[in-house]
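This report examines strand pairing, nonpolar packing and selected buried residues in one protein structure. The account follows below.

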Amino acid sequence: MRKVLRIVLITAGVILFLLVTLPMVFKSKIEAVVKEKVNQELYATVDWSRFSISLFRGFPDLSINLHHVAVVGKEPFEGDTLAGLNRFELRVNPFSVIRKNIQVNAILIDRPLINGIVLEDGRDNWDIVPASQLESQPASQSQPESQSQSEEVKKIPGEGSTSEGSTSSMSVSLKRFSIQEGRIYYTDAPAKLEAALEGFYLDLRGDFSMEETEMQLDMAIERVNAKMGGIRYLKDARLDLDVVAAANMKENLYTLRKSRITLNGLLLGAGGTVGLQEDGSMDMDLKFFSRETSFRTLLSLVPAVYTRDFEQVRSSGKLQLEGTVRGVMKDSILPDATLALQVTDGSFSYPGLPGDVSDVQVRLNVDYRGSDMDRTTVDLKQFHLLLGGNPFDLAMQVDHPVSDMHVAGQAEGKIDFSTLQDVVPMEDVALGGILETDLHWDTKISYIEQERFEDVDLDGSLLVEDMRIEVPDTPLPVELNQVRMVFNPRTVELVTLDMNMGASDIHLDGKLTNFIPYVFADRTISGSLNVSSDLLNAGELIPRAEETDKPLPDTGGNAPGTKEDTMDTAGKSPDSLEAPLPDSMAQPGEARIPENIDFTMNLDMKRVEYTNIILENIRGKMRVTEGVAHLDRLRMDVIEGRVTASGWVDTRGKYAETEMALNIDSVDIPSAYETFVTVERLAPMARYCRGSANLDLEYSSLLDASFSPLYETIDAGGHLYTKGLEVYNLNSFVRLSELLKNEKFRTLAPDEVDIGFKVVDGRVIVDPFDMKFDNSKIAVSGSHGIDLSMDYLLDMHISKSYLGEGANEMLKGITALAAGAGFQIPESDHIEVKAHITGTFNDPKVSTDLSGNLRSSGSALKETVEKKLDEEMEKVVKEVEKKEEEVRDAAREKADEMISEAEAEAERLTGEARKTGEALVKEAEIQGEKLIEEAGSNPLKQIAAKRAAKELKAEAEKQSEKLVKEAEDRGEELIRMARENAGKI
């Protein structure tokens, strides 16, 4: 007996060892082969974190698991996740693997994600099977029968059956297919459709190894959202599906025996058959119907009505809903479908709200033809309701939507939007105003396109007054003071549109054509409009670029756009300039001009504001067509000058693109620098200039989300004319004044300057030009970059009166040296100096050359004197730099001392304020305790005393916070003033 027991234990141990070790032995090899094969076959990157095989998870089945699977697209969907899941498990009969007759018993998917995307050009992200793979399939199917059967995995009904001549087969005896916590998202840009299914659960059971079985499907979706064309049709709706079907696995035919479909409160039933064909098509013959006849169930589909208080809604009325789905579905072919909806005597109201919706009558028939969509018809025979006592009626018929859409209908009635809040509870939504319409139409799209207006029946009017819309999805409240439109077959006359958005007001009037094709067929609408405004705050209307999390480049200055007037920790001057961020950090634009509008607009805008830019008296013409705005001699007043602009702005690309011809007349230079970031970047020396300028400019570049230029893409050229120009404290001229020992170079007044320039690859190249001042002249040529680098040559003819005493002494020494060497420096009232300026605007490097003042016939002696001259100049430069460094060190030390004293005083003030505040709170607590003690045992007095004590403490804490805040503000002001004074040292 012991021997038998030992044999049993040893055998069990060996089996257990094999169960544990065998999956580990083959796992890595299987995983590598599968991953490599999948990525070769698909135009996508497929990866998973872990692959495991176990006989314990699903015992007695073999459990094959993939963990954290992700399918990521490639161009143009680089980085977008197409699909993913937390865990995929396949449970297989292990003994069937040995028999080469694989039986799959269960498939389990945990937390899957599907993210479908369709781009504007129609490309979709699930098209990941290369065309070469698809084209090769027919060839493989034409192989000899014996070969194809031996290579494919077959689904054989019955247990363990195989086809003659086959070497492998698969018997699908699936007991369960389960999905837990799935998410499905779909975005279709051409259709302007967004849909989302979240909290998706599915459980499918049945024994599919049998020729006939019963299949049970349970499905639930916790949140269904659908939005199309900017209109939300479903919001957080719940869908439940419970289906029992008879499955004929031999014929691939499924017959519904029992079904229960619930969407919010709408309960539907369905019946019929679904057949799967060998060519991959699906043959459907289904009908659906409402299981309940209450109008209330239809109300549950309306997002505005279906809220958390929906169960308290009082409603009445009858509902009848039924339809069919019949035909074949394959690829782009869809089955035919019908829908019949009728509502009789519907009404609803919320408890606690004074208004209601009553007398709801609806009759709708939809006949969709998937095989021939041009035969589709929509017939809304009646839509009638009373809202707040005001009737509204709508009827519409649509047919031949593909070949030549025919639309007919009428809309009559009055809607007082303020009564909606009396009918439906609206959180964070404000509506008001009146809409009145009396509109009739009956036409074909071809009548409009062919201008056969005599065949068009269109007339009526629409009036909106005092409408206010304020919802969370819109950043600004919209006020339609009045909109009046009159319709006729040829045009829609926009009599007036008077609108406010935030601080902005907009006024439109004009005529529109092609209105019906625009509404019903998404064609282009045309028009001629007059646009006026007293104030347009573009900063509120144009979305700003989001701040990036990328690190800022080390530009040696503060972040772009700041104007710090203090000395930084590196001791940088408050006059330091800042280079812009690289274009790679720019945010793409989101604002788009609709491509299906073609408007010619006459503009009359009194004031337009955008950030710190103020434009006034804008007049001219602008045409907007195909996503591009064209400007035709648009005139405006800006910073004490006049600008005329012609060109275009194209918003269709990832970044907007512009090309402009600008004529700027008498613009104040300092104001232009402070107002326009483009001037700040392209002409940083303008910070050190006074006067006015005229500019003729041909310009093109890409634009970011805030419509600022991408500087590396600028291609420009033009002429700049100045008047009353004065240049002061420009760092390169300051350095030059130190070299020439004369402070006069710190401020030059050349008055009129004519500068030609061009901008290429982020660099401003300046044509040679002259600056004349006080009987002197400087010829300038060279370039600078948006990175603040410089490379300029100055050929100066300077009056000796501009030279300081030290420089004149140096010239006397050079003259004596030259005379001793046989040279002659002619007597003159001027001196010739050549200067080469490099480095940056913040830290210029200046080298000078005085050799142009020498005359001699002996080149060798001339070189000797020039060398001596250079040595003398080098001594001067070193002496100046040494003194400059000494001054800087002293300034830094003094500045640091001033700031430290201010910080200490600020800390002292804050500390005293906190002590005083704590004393106030402590005293309030003592007084509160006294009040409670004085109240005695009287419960009412106790409540009043505790409330008074609480209020005393709260007021004391408030006063304490106020004292601390005032002390902190005073301290910050002291530090700011100290830094400002330190920066002036």
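Two strands are taken to pair if DSSP finds at least two bridges between them. The model discussed here is predicted.

**Strand pairing around β33**

Strand β32 (residues 689-703) and strand β33 (residues 715-728) run antiparallel and are joined by eleven bridges. One bridge on this side links R690 to its partner E726 in β33. Strand β33 also pairs with strand β35 (residues 754-760), again in the antiparallel sense, over six bridges. Here the partner of L720 is I755 in β35. A further antiparallel pairing, of three bridges, connects β33 to strand β34 (residues 747-751). In that case Y728 has T747 of β34 as its bridge partner. The table sets out these pairings by strand and bridge count.

| Strand paired with β33 | Residues of that strand | Sense | Bridges |
|---|---|---|---|
| β32 | residues 689-703 | antiparallel | eleven bridges |
| β35 | residues 754-760 | antiparallel | six bridges |
| β34 | residues 747-751 | antiparallel | three bridges |

**Nonpolar cores**

The largest nonpolar core comprises 163 residues. Those with the most contacts inside this core are L341, V343, F348, M601, I778, L794 and M796. Strand β10 (residues 231-248) supplies the largest share of the core, namely seven residues. Apart from this core lies another one of five residues, including I899, A902, A906 and A978.

The surroundings of L341 can be described in further detail. Once its neighbours within four places in sequence are left aside, L341 is in contact with L298, L319, Q320, L321, V362, R363 and L364.

**Two buried residues**

T324 belongs to strand β14 (residues 314-329). Is T324 buried or exposed? T324 counts as buried because its relative accessibility is 16%, and the limit for that class is under 20%. The side chain of T324 forms a polar contact of 2.7 Å with the side chain of T338. With neighbours within four places in sequence left aside, T338 is also among the residues in contact with T324, together with L286, K287, F288, D336 and A337.

G206 is located in the loop between β8 (193-205) and β9 (212-228). With a relative accessible area of 12%, G206 is therefore buried, by the criterion of under 20%. How far apart are G206 and N105 in sequence and in space? G206 and N105 are separated by 101 residues in sequence, while their C-alpha atoms are 9.9 Å apart.

How values were computed:
Residues are numbered from 1 along each chain as its sequence is written. This is a predicted model: local features need pLDDT of at least 70, side-chain atom pairs count only at pLDDT 80 or more; totals for chains, interfaces and linings use all residues. Side-chain values use heavy atoms; hydrogens and water are left out. A nonpolar core is a set of buried Ala, Val, Leu, Ile, Met, Phe, Trp, Tyr and Cys residues joined through side-chain atoms within 4.5 Å. Buried means under 20% relative accessible area, exposed over 50%, partly exposed in between (1.4 Å probe, protein chains only). Helices (H or I, at least four residues) and strands (E, at least two) are DSSP runs, numbered from the N terminus. Contact means heavy atoms within 4.5 Å. A polar contact is a pair of N or O atoms within 3.5 Å; within protein, one must be able to donate a hydrogen and the other to accept it, and residues adjacent in sequence count only if both atoms are side-chain atoms.
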